[in-house]
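This briefing concerns a predicted model. It addresses ligand contacts and helix packing.

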Amino acid sequence: MSGRAVGGGTSAAAGVGGGEDALLRIEGVSKTFIAASGLRSAKRGDREQVRALDDVSLTVARHETVALVGESGSGKSTLARVAMRLVEPDEGRVLLDGQDLLAMDRPSLIAARRRIQMVFQDPYSSLNPRRTVGYAIAEPARVHRLVSKREQATYVQQLLERVGLPGRLAGRLPRELSGGQRQRVAIARALAVKPEVLVADEAVSALDVSVQAQILNLFETLRDELHLTMLFISHQLPVVAHVADRVAVMYLGRIVELGAPEDLFTHPAHPYTAGLIQAQPGRHRRNSKPATRRHSDIPTAELTGRGCSYRDRCPLATQICHDTQPPTVSVGSEQYAACHHAGEGSAAAQETASALSSCTAN
Ligand code: ADP
Ligand code: MG
């Protein structure tokens, strides 16, 4: 292992970056969900434990865009929800602009949440089907007393314009819009409370490829014009390559690699990242499915063993990977990976990528 160790766990290095001007700082966050594993076992009192987040740290600097990638079930949404304290972590801290979100009373938390807004994959989840677009956009601003009743109509028009929609759509219902238009409305609604941080959780994943590109461009334009800080979540690597300043790759509740997209995509240090890149299906195909396995194939994080969580799928795994959880090491300028075999050079990554692609082919 040639990489320089920067900490005993994922947290130390994953928290690197952002520096002094960190707007969002997630420190050593863990979350275990206890879910009933089927009706019969629930009756018996058995509960399946899922380690959705395992000692995760991440800082997002003011005006930075950090992407979270990883296949379904890796903990991306849970991390985003922890960042807004929509999920209470079992351990760790969440600091927004230096203030501890987890220590806040309700009024302070409501005020803090206005500063972070989320856009989801399915705009229907945030849009009431019986309310007009204008109502949907004005409502949060009214609740937070950012506009008076008199100013509302103009405010809605300005926001519609900002997200590239004609003002006349204010009177329409969500079902009268296309998927792309609905997502623009959801973005306008998020922007209505003048947030500093925008969390986009699979916000373009359900859209046609051509519409995806338009919405991605919109996110970039808005970020630049409104000086937003962004946490951009997607299981699709090509999507995040476009928008992110830094990419955090998640696997089973841990950040396994972190770095600038140009470094991460050209010389991934973690075999999981290499596999994700390699497994991207025909990027040229329309509506191509993401590089994830079917949900049933995806392992969930069990609370067993202290080795590397990727060891059973990893073509590079050796004994140490079974025995010891890998520390996060620096593998380049501002690139970090939690892998015993990280930093062994691009040859190892290439080897991994081809090993994985031959596995996929079989
Ligand atoms: P991702 O967004 O990367 O797909 P999630 O954060 O949604 O991943 O989920 C991480 C893991 O936590 C998954 O195994 C998921 O099933 C589990 N999980 C998430 N939320 C809950 C919950 N409320 N109750 C039980 N398990 C959950
Ligand atoms: Mg998710």
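The points below treat the surroundings of the ligand and then two helix pairs. Ligand 1 is surrounded by 12 residues, and helix α7 is in contact with α5 as well as with α8.

**Ligand 1**
- Among the 12 residues around ligand 1, the closest are Gly73, Gly75, Lys76, Ser77 and Thr78.
- Gly73 places a backbone N or O atom 2.7 Å from an oxygen atom of ligand 1.
- For Ser74, a backbone N or O atom lies 3.1 Å from an oxygen atom of the ligand.
- Thr78 contributes a polar side-chain atom, which lies 2.5 Å from an oxygen atom of ligand 1.

**Helices α5 and α7**
- The axes of α5 (residues 133-143) and α7 (residues 179-191) come within 7 Å and cross at roughly 25°.
- Because angles under 35 degrees count as roughly parallel, α5 and α7 are roughly parallel to each other.
- Their crossing is right-handed.
- Val133, Ala136, Ile137, Glu139 and Pro140 of α5 meet Val185, Ala188 and Arg189 of α7.
- The residues of this contact comprise six nonpolar, no polar and two charged.

**Helices α7 and α8**
- The axes of α7 and α8 (residues 209-226) come within 10 Å, crossing at roughly 20°.
- The two helices are therefore roughly parallel to each other, and α7 passes α8 in a right-handed crossing.
- On α7, the contact involves Gly180, Gln183, Arg184, Ile187 and Leu191; on α8, it involves Val211, Gln214, Ile215, Leu218, Phe219, Leu222 and Leu226.
- This contact of α7 with α8 has eight nonpolar, three polar and one charged residues.

Conventions:
Residues are numbered from 1 along each chain as its sequence is written. Chains are lettered from A and ligands numbered from 1 in the order in which they are written. This is a predicted model: local features need pLDDT of at least 70, side-chain atom pairs count only at pLDDT 80 or more; totals for chains, interfaces and linings use all residues. Side-chain values use heavy atoms; hydrogens and water are left out. Axes are lines fitted to C-alpha atoms, for helices over the stretch in contact, and angles run from 0 to 180 degrees between N-to-C directions. Helices (H or I, at least four residues) and strands (E, at least two) are DSSP runs, numbered from the N terminus. Angles under 35 degrees count as roughly parallel, over 145 as roughly antiparallel, 65 to 115 as roughly perpendicular and the rest as oblique. A crossing is left-handed if the near helix is turned anticlockwise from the far one by less than a right angle, and right-handed if clockwise. Contact means heavy atoms within 4.5 Å. Ala, Val, Leu, Ile, Met, Phe, Trp, Tyr, Cys and Pro count as nonpolar, Asp, Glu, Lys and Arg as charged, and the others, Gly among them, as polar. A residue is near a molecule or strand if one of its heavy atoms lies within 4 Å of it. A polar contact is a pair of N or O atoms within 3.5 Å; within protein, one must be able to donate a hydrogen and the other to accept it, and residues adjacent in sequence count only if both atoms are side-chain atoms.
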